[in-house]
Amino acid sequence: MNSLFFISPLASFLFMLLFVPTMRKASIAVGLVDKPNFRKVHVESIPLLGGVSIFIATTLALSMTLPFSKDIIVYKNTFIAVTILLIMGVIDDRYDLRASLKLGIQIVLAHFVYSQGIMIESLHGILGIYQLDGWLQYVLTIVVVAGVVNAFNLMDGIDGLAAGLAILGFSVFAVLAFITNQPMLALVFITYIGALIAFLRFNLSSNLKIFMGDAGSLIIGFIMAVSGIQLIQNAQDTVYIFQVSLGVIAILFVPVFDALRVFRRRIKSGKSPFSADRTHLHHLMLTIGLRHKMASLGIVFMVGALLTLGFIILHIKGITFAIVSMLILFYIISSLLQFNNKINLWKARILEMESAKA
Amino acid sequence: MIQQQSSPKKIAIIGTVGVPANYGGFETLTEHLIEDLGEKHELTVYCSGKKYAKSERKSIYKGAKLKYLPFDANGVQSIPYDTLSIIHALFYADVLLILGVAGAWVLPFVRLFTNKKIIISIDGVEWKRDKWNTLAKWYLFWAEGIAVKYSHIDISDNEAIQDYTAARYGTLSRIIEYGADHTLKVPVSVEAIEKYNFLNNPYAFKVCRIEPENNVHWILEAFSLTNKMPLVMVGNWDKSEYGKALKAKYNQHPNIYILDPIYDQHKLDLLRSKASLYVHGHTAGGTNPSLVEAMYLGLPILAFGVSYNMVTTENRAQYFYSLENLIESISNLNMAELEVMGKELEKIAKRRYTWSHIAFKYHLLVIEALSSAPKVNVVPKTTAIPYQELLGLGHAHLKTVDSF
């Protein structure tokens, strides 16, 4: 088993290198490209097949390396859901689907996952809450899966961000899977890391650039949400249950709370929470003068810092305090960035007022 | 009510370097407020102990009390300086006249716990000026908001700043500019000509801090490339690398006279009174004192085309927007037109920029701040009727407001 942990990510990495150049040409041929608009930060049409490439590369690698046993049945079911989500994502990338249809499909898939036994059964002492009622388990599972998928989709706004967050997330998940004796999950995570590193290489390059597209960010968000819940479920009877719960929460924390923050702001200023603007965390990071790579790296570091803070506080005061302190730190950072953004907007506005002829 | 308004009030003037004024606009303003408002009210002025040696300190200056605090009035020390001045003033003053926003963070507490009237001058849009680092900009941006929200009256020194506060806060700022009538037209003497040979012929003049935001580099380059008239420029050249580099580059140029800073008002007036053109490159801040002074001296003005300068000169000066534009304007100068322009600008200055006019505006604001309507009394008048009487009328419940 041990050597598989090297072979599998290596295989997915190499598959990516092999496929992506061909996929680029194919996606340009079928018009699966991202065209620039006023919100987008790039100026050329960029192929969108990164997500499909990641899916194919990891599927091939895992089909070679996952053991043939009845244990993989639960992976097969998740795989079906991921495949459906991927197809939906590709169609959305090419033709733009209605938001309500997309949400409907996501809820159906979340229900399917729940029906296969992957669910949030307990809060493990967060806010003093443990085992949940059956209906609450169902509602929470659906909301969390659909919420994380969409939050992750929204984070995919600048080069390297979604992939960077996913690499950090899968790394943490892999460690958590190892310590709670879930080697097959760990193998899946590590295989994804291999493919994502290769993806980053293209995503950050100037001449072979690709995006993962909605297809990519949706499936990665979905895998993170579902496997995160699975990780916690399987760790329930181990001594690491708090560490695993906090680790999963910390990884999903920034995308989710950033989406909630943006929604709240939009509602407060009387707009629809889904109206597009440039106030996401990565937009704010760009306004402090960072380039894409650095802004992405900064957000990945922020997640790392929250994770570290969370684990320290977990150790000292317990899980509720850990989550509250993470919330406070996130609030402080995002408020400062928001403030900086406000200053920049006023600076531009004043410049305009100054040059208006009296 | 009238009686209350005109009775002398204790006013604390906070946020300047101090008096006697040797420094910038706020200090000169304070000096004139002492002269004009001092008769009507009791003034106290807070002064920076860093700028006045122990031997020069006075406890009373022209009738105003002076208090010294051991901080600089500018830079980061302005925060404790203004803050402590405000807190000290709470013990006696009726009105706090605060010039600048550095200490504004305490104003919410002042409003909450005291009944002092606060008038604050927010200066130019300080938070966007190049001279501050990011942290200072953040603080000033935030403090300006606090200042406007928690003062009774806020003052802008320029219409363009008033537009900005209206846009950002949705409130009406009052405009009070600066005076210029402390400048004098000094006739040129023979000795002066011996010392400054450029005084014999037409020349352009500029006095300012040597900073990029005053477009010093453009102006020097433009005059070095044209030969319409020489440029005489006074400023603190040795304070920054920017200034030193420019001084080294243009010091030997036959068309440019570079002079070190002049703190003697009479000497400065002598040099600028006879100039044929005043060049004003400021891009920042509201109404610039040096600009209104040049107007008062009747100098024709070629100014950078930013809204503040246009408003100050009521659109009667000439404006430039770029280096090319500036060179073109200098080459096309027409002496006869300039003379007419100078007269027009002087008229504006005499109407708007005299200290008695400015001080009177401040006087009105003090009255307004003091007369802001007291809280409306909601206790019914029936409570004044004796209880027995009300009982007899069968309306005893009207004695208190509790029944409602």
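These are my notebook entries on a predicted model with chains A and B.

**Entry 1: chain B as a whole**

I started with the overall picture of chain B. Its secondary structure comes to 16 helices and 14 strands. I looked up the extent of the C-alpha trace and found about 100 × 45 × 40 Å along the principal axes. Of its 404 residues, 53% count as buried. The exposed area of chain B is about 18,700 Å², and carbon and sulfur atoms supply 56% of that. I also checked contacts between residues at least 6 apart in sequence: in chain B, 65% of them join residues at least 24 apart.

**Entry 2: the nonpolar cores**

Which residues touch the most other members of the largest nonpolar core? I found Phe205(B), Phe223(B) and Tyr362(B), in a core of 132 residues. I then listed the contacts of Phe205(B), leaving aside neighbours within four places in sequence; among them are Leu231(B), Val234(B), Leu268(B), Leu271(B), Arg272(B) and Tyr278(B). There is a second, separate core of 108 residues, including Ala11(A), Leu132(A), Val148(A) and Phe330(A). As a reminder to myself, nonpolar side chains tend to be buried together in soluble globular proteins.

**Entry 3: a helix in chain A**

Next I followed helix H2 of chain A, residues 50-65. Its 16 residues reach 22 Å from first C-alpha to last, close to the 22 Å expected at 1.5 Å a residue. Many names turned up on my list of buried residues here, including Gly50(A), Val52(A), Phe55(A), Ala61(A) and Leu62(A). What covers the buried residues of H2(A)? I noted that the cover includes helices H1 (4-29), H3 (73-95), H7 (183-203) and H8 (213-235) of chain A.

**Entry 4: a patch on the surface**

Still in chain A, I looked for nonpolar residues on the outside. Val175(A), Phe178(A), Ile179(A), Val239(A) and Tyr240(A) make a nonpolar surface patch of about 480 Å². I picked out Val239(A), which sits in the loop between H8 and helix H9 (241-268) of chain A. Is Val239(A) buried or exposed? Val239(A) counts as exposed because its relative accessibility is 71%, and the cut-off for exposed is over 50%.

**Entry 5: salt bridges**

I counted 24 salt bridges over all chains and looked at three in chain B.

- Glu126(B) and Arg129(B) meet at 3.2 Å, N to O. Glu126(B) is buried at 12% relative accessible area, and Arg129(B) is also buried at 12%.
- Glu241(B) and Lys244(B) meet at 3.7 Å, N to O. They are about one helical turn apart because 3 residues separate them in helix H9 (residues 241-250) of chain B. Glu241(B) is exposed at 59%, whereas Lys244(B) is partly exposed at 40%.
- Arg352(B) and Glu314(B) meet at 2.7 Å, N to O. Arg352(B) lies in helix H14 and Glu314(B) in the loop between helix H12 and strand E14, so this pair ties together parts 38 residues apart in sequence. Arg352(B) is buried at 12%, and Glu314(B) is partly exposed at 27%.

I then saw that Arg352(B) and Glu314(B) belong to a network of salt bridges with Glu177(B), Arg351(B) and Lys361(B).

**Entry 6: one last residue**

I finished with Glu368(B), found in helix H15 (residues 355-370) of chain B. Glu368(B) is partly exposed, at 33% relative accessible area. Beyond neighbours within four places in sequence, it is in contact with Ile153(B) and Arg174(B). From Glu368(B) to Lys54(B) I noted 314 residues in sequence and 37 Å in space, C-alpha to C-alpha.

Key:
Residues numbered from 1 in each chain as written. Chains lettered and ligands numbered in written order. Predicted model: local features only at pLDDT ≥ 70, side-chain atom pairs only at ≥ 80, totals over all residues. Heavy atoms only, no water. Helix = DSSP H or I, 4+ residues; strand = E, 2+ residues; numbered from the N terminus. Expected span 1.5 Å × (residues − 1). Buried < 20%, exposed > 50% of the residue type's maximum accessible area, 1.4 Å probe, protein only. Contact = heavy atoms within 4.5 Å. Patch = residues over 30% accessible without salt bridge, like charges linked within 9 Å, V, L, I, M, F, W, Y side chains within 5 Å. Areas by Shrake-Rupley, 256 points an atom, 1.4 Å probe, with all protein chains shown as cover. Salt bridge = Lys/Arg side-chain N within 4 Å of Asp/Glu carboxyl O. Core = buried A, V, L, I, M, F, W, Y, C linked by side-chain atoms within 4.5 Å.
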